[in-house]
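Morning, everyone. Please look at the structure on the screen while I talk.

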Amino acid sequence: MPVWLDDVLWTYQTLIHSLGINGLLALSMYVVLAVGQLSLGQAAFMGLGAYTGALLSLHTGLPFALVLAGSALVPALAAALIGLPTLRLTGVYLAIATIGLGEVLRVVYVNAEITGGALGLSGIRDRTDSWMILALLGAALAGCFLVGRSRFGRAMEAMRSDQTAAAVIGINLPAYHLGALLASAALAGLAGALSAHSSTFISPNEYAFENAVTILSFAILGGTGSPLGPVIGALVLTALPELLRPLHDFRGVFNGLIIVLVVLFLPRGLLPWRMKRLGGAP
Amino acid sequence: MTEHPISIILAKYLPGSVRLLSVTLSRADGVRIPHRRRPAVVREARWSGSGRSRQSPGLPLAVHLRTLRSMFAQQLANGLVLGATYALFALGFTLMFGVLKVLNLTYGFYFTAGALVALAACRTLGLSIWLALPLGMLAAGVLAVIIDTALLTPLRRARAPELSSLMVTLGAVLLLYSLLSMGLGTEIRRFPIGTLPGAALTFGEVRLGAAQILIVVTTAIMVIGLWLLLSRTRLGLALRAVAENEDAARLMAINVPRTEMLASLLSGLLAGAAGVLIGLNQNAIQPYMGEFMMLRGFAVIIIGGLGDVRGAVAAGLLLGVAEVMAAGYIDSMVKDGVAFTLMVLVLWLKPSGLLGRARVTRA
């Protein structure tokens, strides 16, 4: 590895960590949007992963890989609890149930002793490094591309453009919806555990509703035609407030405006590519 | 209501009953309150009470039972009042979803806007609450129509997927709240003293304040008014027709855009009314109060069935009572989880809502 690259990684470590983590979160949102559903619980799943990872690291001597696996598993279980009943219904139900999940988890974090109450948990050992985060992001991205090019990917594309038609040709919609939601929750949980270890402390407010909206804005800005879109959206929206300080104070206004404008005027996002063109499979 | 209801009621209405307090808090039927969650008044009362070691030696059982019963009656009344606010709030939300087929997340913002406009009318213009209430409602209604026309009508016309509309309102809600809290700050504002008469009515063992009575009466009027509108007028018929099937309604020469605008206006009026009344009752108004209500609103419209007006009223009352009872008889911390638990239960057991008919699919 060239020395300058190592220097860059070291100097911009915090930024690179948050770019990678937000990229993972954007992918987790993409996975749900790709089957035509909307989850507003990405921040909640991230929080579950973060608390699971932090507690495992603080109270057990498990290797980091197992901690990450646990942090992906717990949010997936929560996703199954609310996904199983809602995914047979229209998308609105999942959206509402995931908002509710986020809020109820916040109440639990604030009130439970083990999660450290409103102060959260601190003193989590930093067990991440830039390469690990970027490699996980790359693996997730590659996974999304591979799935996208497979039979599953074509089924997902079919149900995204027309649910009824997809159901008629024999695609088991609820199974795909549930699979996507579980994968998405696991990815968000993974990102949460990484961010908890990278920042060494967590508190309940980091996983509030506003963060779920921010995660959605990554995916919407980038467009959901290909997994690359949301990741680029995340890169832009993470780097911009860092570069333009004034933007930082107006982040809520800015992210909200982006969602409104993109949905109204660019319904397919900044990068309206289809998977076919990149992947080659018809 | 941040302090513990039972303890407050006991401390307020049974002054000097220190022995009774310590018994009720620690022993009596099923009432368990962890010591650290008890309000300071009660804690002090208990520690300074002479009966710390020998608890209530001479009190007959009947006294306990009567206290518990009157406490239950008061709890039930409090729950119904809280439920009435939830019902009032969810009424417009579910009407909007039923007619417009959009989950409009900016609905909570209309609630805040109603409360803030009424507050400004009371504080700055010095109007009485009887003028401020309709003014707040009207402001919220107009805001609802503006937002719907600017954001949702274009998407409806383009026949965009349901989730696009949801996302637009999601972005709008973040935008609006950020702007509002930047402009006004997030501190808590209050109605001037004397906005409502301070008197309280007592029905047997139950006591209701002026704001609570106003909430119950207004909710009743709005529910009946909405029911009359929907069932007895041509406008109501048009609203129901559009809710049932927009294309068929258009073929029946119903002016669909005008009907949709009416639905927005009505739901904005209802949200504004709820905002003013709940603002009066809690007397703590701040920009994010609508967000808090939205979480309850979601639960209520799911429990009652999406788009079901009768269901929203029933579910609102049920949730209010359930929350107050959970806070009173289990733990005040449990209160915030009740809405979500009921919602998930309904989703598992009867996703069409409490009063809903079974349907195979809603796609």
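I'll cover the model, then the contact between two chains, then some salt bridges.

This is a predicted model, where local features need pLDDT of at least 70, side-chain atom pairs count only at pLDDT 80 or more, and totals for chains, interfaces and linings use all residues. Residues are numbered from 1 along each chain as its sequence is written, chains are lettered from A and ligands numbered from 1 in the order in which they are written, and side-chain values use heavy atoms, leaving out hydrogens and water.

Confidence comes first. pLDDT is the predictor's confidence in each residue, from 0 to 100. Chain A has a mean pLDDT of 85, and 94% of its residues reach 70 or more. Residues 275-282 of chain A stay under 50.

Now the interface. How many residues does each chain bring to the contact? Chain B brings 39 and chain A brings 43, with contact meaning heavy atoms within 4.5 Å. The buried area is about 3500 Å², and carbon and sulfur atoms give 84% of that. Buried area is the accessible area (1.4 Å probe) that two parts lose on being put together, summed over both. In chain B, the residues losing the most area to chain A are B:Met167, B:Leu174 and B:Phe340, together 17% of what that side buries.

Between chain B and chain A there are zero salt bridges. A salt bridge is a side-chain nitrogen of Lys or Arg within 4 Å of a carboxyl oxygen of Asp or Glu.

Which helix gives the most to chain B's side? That is α7(B), with 14 residues. Helices here are DSSP runs (H or I, at least four residues), and strands are too (E, at least two), numbered from the N terminus.

Next, salt bridges within chain B. Side chains of opposite charge can pair when their charged atoms come close. B:Arg296 pairs with B:Glu323, their closest N and O atoms being 2.7 Å apart. B:Arg296 sits in helix α12 of chain B and B:Glu323 in helix α13, 27 residues apart.

B:Arg296 also meets B:Asp336 in a salt bridge, 3.1 Å from N to O. B:Asp336 lies in helix α14 of chain B and B:Arg296 in α12, so this pair ties together parts 40 residues apart in sequence.

Buried or exposed? B:Arg296 is buried, at 5% relative accessible area. B:Glu323 is buried too, at 0%. B:Asp336 is partly exposed, at 32%. Buried means under 20% relative accessible area, exposed over 50%, partly exposed in between (1.4 Å probe, protein chains only).
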